[in-house]
Amino acid sequence: MCVVGPRLYHAHTGRAAALVHSYGVTTRILSELTVPIISAPMAGGPSTPDLAVAVSRAGGLGMLAGALLDPEKFAAQVDSLREVTFGVNLFLPDDPSGADVAAYAVKIRPWFERFGVEPGELPRRDDNYPAKFAWLVEHPVPLVSSTFGTFSAAEVEALHEVGTEVWCTVTSAAEAIEADRNGVDALVVQGPEAGGHRGSFDGSAPDLPLRELLEEVRAVSDLPRIATGGLMDGDDVAPLLASGLADAAQLGTAFLNTAEAGTRKVHREQLTATTDTAVTRAFSGRPARGLVNEFMRANSEEAPLAYPDIHYLTAPMRAQSGAAGDPSGVSMWAGTGHVRARSASASELMTEWAHQLGR
């Protein structure tokens, strides 16, 4: 065994060596956190380099959302974080679902007319995933995590060989087994309470509550678990850590109204003005939890499973709705605890949560 970069590495297998502490199995990065809180990678704007840096400097782990960024902006944002320990999240590409996207475009045509825009076009299906992954191998980072699937065993090995820790977002025990088999180092266990896209491998939306999901995942894998979904502060996280169900927690919605987040103004306003959330495919073609608005109510029932086709189709409408400060046609991803989101700096929240966790 030798030390490579920020983590322990098995030279003969390429897989990270688990660190064993009195409280269980962990990873190099998890063991170095003074506050076991990770900022969720929220693609599309909310997760900024400033937010990631603030969380990491406060003793947690800041994550950069690599999805929906072109390769040049992706590289620039990653490089801006090199002064701290951080992670990068990638969306794994979806294959075409065969859904009738054209029929859905016809259905929502009045919404394009309402906002004076034309339907968006699909520029490419893979979000430049091959280029981004190759760049991360050539320019290693401390951690890379996946959403919408697990990295292949070969991809995990490639990251391990350059000293990068690898996590995978899972929404079921079956997904946990697959990710574990491919050699990842930890599992981000996402419950249905989470805001934003469900990380399921097949585009489904499992509804097993987070605590029960953590129990099921623990029963099939010994990998460290990072709990995510509906958690808003240290008091929410503490019982999961104390019970051994989780080794850390990933919070997203709790950071949406921080000074460092790139959240739209209308989204910030609606966090406390709107009471309900729901899971919908209406905006992107994949299940995602957000604040209920007019577009969601009108179109969720007929929205097809077709990501990223629907994401790009509705993009001009969502952009115009957001720019106009009109909440009716913009996606406002948020978890079930959204009304507790506070206007504060990320460092202030992290300090408060650290105190609640006795850190």
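Visitor: Hi! Before we start, what does "buried" mean here?
Guide: Buried means under 20% relative accessible area. Keep in mind that this is a predicted model.

Visitor: Good. Is tyrosine 129 buried or exposed, and what about phenylalanine 133?
Guide: Tyrosine 129 counts as buried, and phenylalanine 133 does too.

Visitor: What kind of aromatic pair do those two form?
Guide: Tyrosine 129 and phenylalanine 133 make a tilted pair, with 6.0 Å from centre to centre and 40° between the planes.

Visitor: And why are they about one helical turn apart?
Guide: Because tyrosine 129 and phenylalanine 133 are four residues apart in helix H6, about one helical turn separates them.

Visitor: Which other ring pairs with phenylalanine 133?
Guide: Phenylalanine 151 forms a tilted pair with phenylalanine 133, at 5.8 Å centre to centre and 50° between the planes. This pair links distant parts of the chain, 18 residues apart. Phenylalanine 133 belongs to helix H6, while phenylalanine 151 is in the loop between strand S8 (143–147) and helix H7 (153–161). Phenylalanine 151 is buried, as is phenylalanine 133.

Visitor: How many aromatic pairs does the structure hold?
Guide: There are 11 aromatic pairs.

Visitor: Which residues form an aromatic cluster?
Guide: One aromatic cluster is made up of Trp111, Phe115, Phe283, Phe295 and Trp333.

Visitor: What lies over the face of phenylalanine 148?
Guide: That would be arginine 286, at 3.8 Å from the ring centre of phenylalanine 148.

Visitor: New topic: empty space. How many cavities of 30 Å³ or more are there?
Guide: The structure has two cavities of 30 Å³ or more. The largest cavity holds about 80 Å³ of space, and the second largest holds about 30 Å³.

Visitor: Which residues line the largest cavity?
Guide: Its lining includes Leu68, Phe91, Leu92, Pro93 and Asp94. Also among the lining residues are Arg125, Asp126, Asp127, Tyr307, Pro308 and Tyr312.

Visitor: How do they divide into nonpolar, polar and charged?
Guide: In the lining of the largest cavity, seven residues are nonpolar, four are charged and none is polar.

Visitor: And what lines the second largest cavity?
Guide: Around the second largest cavity you find Gly66, Ala67, Leu90, Phe91, Asp126, Asp127, Tyr129 and Lys132. Strand S7 (86–91) and helix H6 (129–138) are the elements that give two or more residues to this lining. By class, the lining of the second largest cavity has four nonpolar residues, three charged and one polar.

Visitor: Oh, tyrosine 129 again!
Guide: Yes, Tyr129 helps line the second largest cavity, and tyrosine 129 also pairs with phenylalanine 133.

Terms used:
Residues numbered from 1 in each chain as written. Predicted model: local features only at pLDDT ≥ 70, side-chain atom pairs only at ≥ 80, totals over all residues. Heavy atoms only, no water. 1 Å grid on protein atoms, 1.4 Å probe; cavity = no way out; pocket = protein on both sides within 12 Å on 5 of 7 lines; lining within 4 Å. Points joined across faces, edges and corners; volume = space filled by probe spheres on them. Nonpolar A, V, L, I, M, F, W, Y, C, P; charged D, E, K, R; others polar. Phe/Tyr/Trp six-rings, centres within 6.5 Å; stacked < 30°, edge-to-face > 60°. Buried < 20%, exposed > 50% of the residue type's maximum accessible area, 1.4 Å probe, protein only. Lys NZ or Arg CZ within 6 Å of the ring centre and 35° of its normal.
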